[in-house]
Amino acid sequence: MVYDDIKKIAGLYIRVSTEDQAREGFSLPEQEKRLRAMCEFKGYEVYKVYEDAGISAKTGNKRPAFDELLQDIKDKKCNTIVVLKLDRLTRSVADWEKILTFLEENDAFLDCANDDINTTNANGKMISRILTSVSQQEIERTSERTKIGLAGAIKAGHIPHQSPLGYKRKDKILVPDLTEKDVVIRIFEMYHNGLSYKKISNVLNEEKVLDKTNWYDTTIMKILQNEIYKGDFVHGKRTKKPTYYSNVVEPLVSKELWEECQVQKKKNSRSYQRTLTYLFLQKLKCPKCGRILGGKATTKKNGNSYFYYYCNDCKLTIKENVIEDYISKFIDNIVEYDSVVNQFFLPMIKQKIENPKEDIEKEIKKQKDKFARIREAYVNEVFTLEEYDLERKKVENTIEDLETKLNESEVCDELKFTPEDILVKRDIDFINSVKYPEKYKEYNKSWKDFTREEKANLIMNYIENITLKETYNKKCDVEFIKFRESIVNPCNDLYFNGYLDRKDYAIFGNVMGTLRFSEYRNDDEVWQHILRLREFYDVGFYQATYNTETSMFYFNIDEDSQAIVRIFPMENYREIDPDMKMKEYDLGVLYINKDSGTILEDEEAVFKYIPDKTDGILTREVKPTIVKPANVIGLAECTIYEEEEETSEEVVSS
């Protein structure tokens, strides 16, 4: 076939992408003008102009005009594609091969105004492939530069999306919005506590949270699944290769809580709703097949209900009281931790950290300025009275919430709660339980005093799952309890920094009991702690040495008249002796006399308050006493501050 003898009927294809808009010579009118001039010069008949505006030549992009041109070539309405440059058609070698095949199959041609492209021979095709490769390299390099720039922006907090609920833009960076963030935190906590998407949306609608009544379960689901609330961001989530960025914005919830809410989805489904309260539902798995155990209850004639859990496939069962007996060994410690740390101190500390006073004051001023603008708009008849009342109410509610937070923040500043206060509060509570046991019970509920609902909530919040083991006759027993990371991590942090204690069994002469141990605190911190305790109680201190070979240490204490409050290492042995090879360890011991009460005039005060930090001077007279513990080899004399009294010797085995 002689291609020069075939009449060329041209389809002029012009395209401009977003980045081309400002480039000289690439505007659509300019492209059409130059292509018509070329066709007139070469004697081509122009059939139609095909225009794709604002679309790149990237693989996968939909180009309606180009698709129409190809269809017209198939229908023999035209036979030549005329473009300004090859990259107007494609920048992909793979796509270019498809175009070449299409042209051959349909006896069609391609002519480029700025590129010497001739698709009628092998050399022309080779040159076109080289030019396409260069164009593909250019677009890939541009893409790489764009991705690098985007990654840097995301890591700096510039999230390329609309600000989600709970966040706002500040200098283009996503930061927590004080007017909304508590709503997000509350949603996570409600879901974590067992409420479904629907129940959460119903609660928010009933309360008209943020003056909205259009909360939907799908909205709640999207919030709970959004990684941004734990400080992370996923770019290209719907693509085959999404990119995960960690710690790019300030989180509203902990990573542990976020992860636990993802696991909680199955546990919150409707199939798990029950009319009776099961303490350990969704916490137990069959030791054989791994299925989550179901719950059953039988009610006797006396009205008492007896609960147990079972695997329908393996026929294994375990009674609820067996599990409760197992956790009774430490459940009261959890109750104490929950009441002291979670419900009393941490909310105060959290309030100070999450709601800085300066930010709240700025937000209040911003909302008051907004209120002034709304009022001005109403005066100028921009708003109707109904619209004005609606907008006014929203702003007033926001200001009211912010002022409440400001008051709470000011109270926190005044109270100045610190982690050291947790240490003092727990010791005061322990001494209260020794000095005034009946009164202590009035102020502190134990596990047996909880309702089933309260017990179930505590287990839901603290325990992740309970591992069972098969025993005999299709019965199970408890093997291991795994606590939630959102509880374990802060608890461990407090413990390893010396702010929490743990209880270990020990032998007092011939009597088995428990001692409260805590981690190392330096001398100044220990002394300040003792001074604070002595504001309420006559607390004594002495030093003992623990011998690792005999697993014993000696206390100068009379177990009938004195009680050990706390034991702690006098040196940071975790750093000094990480492999525990030393033969002796120096320990500090705090103790009280059982028969003496508080030094305060009001006994009730020891249950309601904690002593504030002192200036290092005791508020009552004491005299120094030299104490030398008996039968302890190599122990130096130590000076303590306590009233003189006779001591007796006790051997304690770990």
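Are Asp421 and Arg532 buried or exposed? In this predicted model, Asp421 is buried, and Arg532 is buried too. The two side chains also meet: Asp421 and Arg532 make a salt bridge, with 2.7 Å between the closest N and O atoms. Asp421 belongs to helix H13 (residues 419-435) while Arg532 belongs to helix H17 (residues 523-533), so this pair ties together parts of the chain that sit 111 residues apart in sequence.

Helix H13 has another pair worth a look. Asp429 and Lys425 are joined by a salt bridge, at 2.8 Å from N to O. Here the partners share a helix: they are 4 residues apart in H13, which means that about one helical turn separates them. What about their surroundings? Asp429 has a relative accessibility of 4%, so it counts as buried. Lys425 comes out at 13%, and since buried means under 20% relative accessible area, Lys425 is buried as well.

Salt bridges can also link up into something bigger than a pair. Arg426, Asp427, Asp501, Arg516 and Arg566 are connected in a network of them. Across the model, the count of salt bridges comes to 29. One of these joins Lys181 to Asp182, with the closest N and O atoms 3.8 Å apart. The two partners of this bridge are covered to unlike degrees: Lys181 is buried, at a relative accessible area of 4%, whereas Asp182 is partly exposed, at 32%.

Next comes the nonpolar side of the story. The largest nonpolar core brings together 31 residues, and the ones with the most contacts inside it are Phe280, Leu284, Tyr309, Ile318 and Ile466. Several elements give two or more residues to this core: the helices are H9 (320-327), H10 (331-354) and H15 (452-462), and the strands are E10 (305-310), E12 (463-470) and E13 (476-483). Which of them gives the largest share? That is H15, with 4 residues.

Strands E12 and E13 turn up again in the backbone. The loop between E12 and E13 holds Lys474, a residue with a positive phi of about 65 degrees even though it is not a glycine. Lys474 is partly exposed, with a relative accessibility of 39%. Asp107 is a similar case to look up in the structure: its phi is positive, about 50 degrees, and it is not a glycine either. Asp107 sits in the loop between helix H3 (93-105) and strand E4 (109-112). With a relative accessible area of 48%, Asp107 is partly exposed; the cut-off for exposed is over 50%.

On the surface, two patches can be picked out. The negative patch is made by Glu250, Glu358, Asp359 and Glu361. Among its members, Glu361 is located in helix H11 (residues 357-379) and is partly exposed, with 39% relative accessibility. Helix H11 also has a residue in the nonpolar patch, namely Val379. That patch is built from Tyr378, Val379 and Leu385, which together have about 280 Å² of accessible area. Val379 counts as exposed, its relative accessible area being 60%.

Finally, some residues that are separated along the chain can be compared with their positions in space. How many residues lie between the positions of Thr598 and Tyr537 in sequence, and how far apart are they in space? They are 61 residues apart in sequence, yet their C-alpha atoms are 5.0 Å apart. Thr598 is in the loop between strand E19 (584-593) and helix H19 (605-608), and it is buried, with a relative accessible area of 14%. Another such pair is Ser561 and Ile592: they are 31 residues apart along the chain, with 8.7 Å between their C-alpha atoms. Ser561 also sits in a loop, between strand E17 (552-555) and strand E18 (562-569). At 27% relative accessibility, Ser561 is partly exposed.

Definitions and conventions
Residues numbered from 1 in each chain as written. Predicted model: local features only at pLDDT ≥ 70, side-chain atom pairs only at ≥ 80, totals over all residues. Heavy atoms only, no water. Patch = residues over 30% accessible without salt bridge, like charges linked within 9 Å, V, L, I, M, F, W, Y side chains within 5 Å. Areas by Shrake-Rupley, 256 points an atom, 1.4 Å probe, with all protein chains shown as cover. Salt bridge = Lys/Arg side-chain N within 4 Å of Asp/Glu carboxyl O. Lys, Arg positive; Asp, Glu negative; His and termini not counted. Charge placed at Lys NZ, Arg CZ, Asp CG, Glu CD. Buried < 20%, exposed > 50% of the residue type's maximum accessible area, 1.4 Å probe, protein only. Core = buried A, V, L, I, M, F, W, Y, C linked by side-chain atoms within 4.5 Å.
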